[in-house]
Amino acid sequence: MSGQDWLEKDFYKTLGVAKDADQTAIKKAYRKLARQYHPDQNPGDEKAETKFKEIGEAYAVLSDEEQRKQYDAIRAMGGGARFSAGGPGSAGFTDAFSSMFGGQGTSFNFSTSGSGVNIEDLFGMFGGAAGGFNAGGPQPNYGAGTRFGHTPPRPRKGADRIASTSITFRESLKGATLTMKVDGKKNTVRIPAGIKEGQKVRLRGKGMPGENGGQSGDLQVTIHVEPHPVFTRDGDNLRVRVPVTFAEAALGTKIDVPLIDGNTVTVKVPAGTQSGAVLRVRKRGVETAKHTGDLLIEIMVAVPDHLTKEQKDAVKALADSFDHQDVRATLMEKAKE
């Protein structure tokens, strides 16, 4: 992505968040929009696919604190980032931001006259990326030990390229190998098993070319994990909500619970299990190189919303048999403490 792209694209507007939004708000907005515009939810809809890519691009920048600072600084300059020379004594700098952001064709001309822009001040915003430039242009540095007394320019590492991609929930657990195109070049990205939402994969030497013999920069790929309709991740554990009937919860039962690998596991639900209770199956969670998490089964008591007259009479008779027991008595007492 080029510096000019950052000037022209409002990532905050894309995600629908304020410019001072914190990371929690940014992540929440991204996940909501990603679900809405995901290609699986909008098959054949090119506009939705384009919107999904724009959302991922915006989140890749705003979710990274360092990139977000650079983006805000670039946007603060607005359209005034293009300067023109003011006559004699001016110095032109072409594609000044290209080496930093991977862009092409962005031209900057900085005047050295009275009201001209100091390029060292400008590039100082990004950690002194301007190097040996000053108001009068690059100046040779003469010293001892080199031919004609000239010290060769120091090697400079190329800037990193930035990209993002989305993978399925299952791919995030098992790992995957993807091919993605960045700035017209194909790259093979190997996703390690167990990767989490927002983590980055770095491809060494796949960034912008270095200067003066310096090594190339890297390609940083931010990974976004698509939500799963049944499973969620809790650290290295997997969570799944399983509905049971009132009778099953009250009397106890055995149920089959799905696993992420497509198999099932039989779990005993003890008599008297309350809605929201969590049962644990060991070693059926996320597998990593050092650890395997558990499967956490959250029991949800399903209440029927349509009852026949006979069923209603049966439920009322059951309720009467409890002698009007107040199940909220303890709650009321604790609320007074």
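I started at serine 164 and looked up its bridge partner in S7, which is threonine 222. The model I am reading is a predicted one.

I then followed the pairing of the two strands. S3 runs parallel to S7 (residues 219-225), and the pair shares 7 bridges.

Next I checked the other side of S7. S6 pairs with S7 in the antiparallel sense, over 4 bridges. Here I noted arginine 202, whose bridge partner in S7 is glutamine 220.

I put the sheet together from these pairs. It is open, has 3 strands in the order S3-S7-S6, and its pairing is mixed. S3 (161-167) and S6 (200-203) are the edge strands; each has a single partner strand, so one side of each lacks a neighbour in the sheet. I also looked up the twist: neighbouring strands are turned by 25 degrees against each other on average, direction ignored.

I went back to S6 for its two faces. Val201 and Leu203 make up the covered face. Lys200 and Arg202 lie on the uncovered one. I recall that side chains in a regular strand alternate between the two faces of the sheet.

I turned to the helices. The axes of H4 (residues 46-62) and H5 (residues 65-77) come within 6 Å and cross at roughly 100 degrees. Angles of 65 to 115 degrees count as roughly perpendicular, and I therefore logged H4 and H5 as roughly perpendicular to each other. On the H4 side I listed Ala60, Val61 and Leu62 as making the contact. On the H5 side I listed Gln67, Arg68 and Tyr71. By class, the residues of this contact are 4 nonpolar, 1 polar and 1 charged.

Note on methods. Residues are numbered from 1 along each chain as its sequence is written. This is a predicted model: local features need pLDDT of at least 70, side-chain atom pairs count only at pLDDT 80 or more; totals for chains, interfaces and linings use all residues. Side-chain values use heavy atoms; hydrogens and water are left out. Two strands pair if DSSP finds at least two bridges between them. Axes are lines fitted to C-alpha atoms, for helices over the stretch in contact, and angles run from 0 to 180 degrees between N-to-C directions. Buried means under 20% relative accessible area, exposed over 50%, partly exposed in between (1.4 Å probe, protein chains only). Angles under 35 degrees count as roughly parallel, over 145 as roughly antiparallel, 65 to 115 as roughly perpendicular and the rest as oblique. Contact means heavy atoms within 4.5 Å. Ala, Val, Leu, Ile, Met, Phe, Trp, Tyr, Cys and Pro count as nonpolar, Asp, Glu, Lys and Arg as charged, and the others, Gly among them, as polar.
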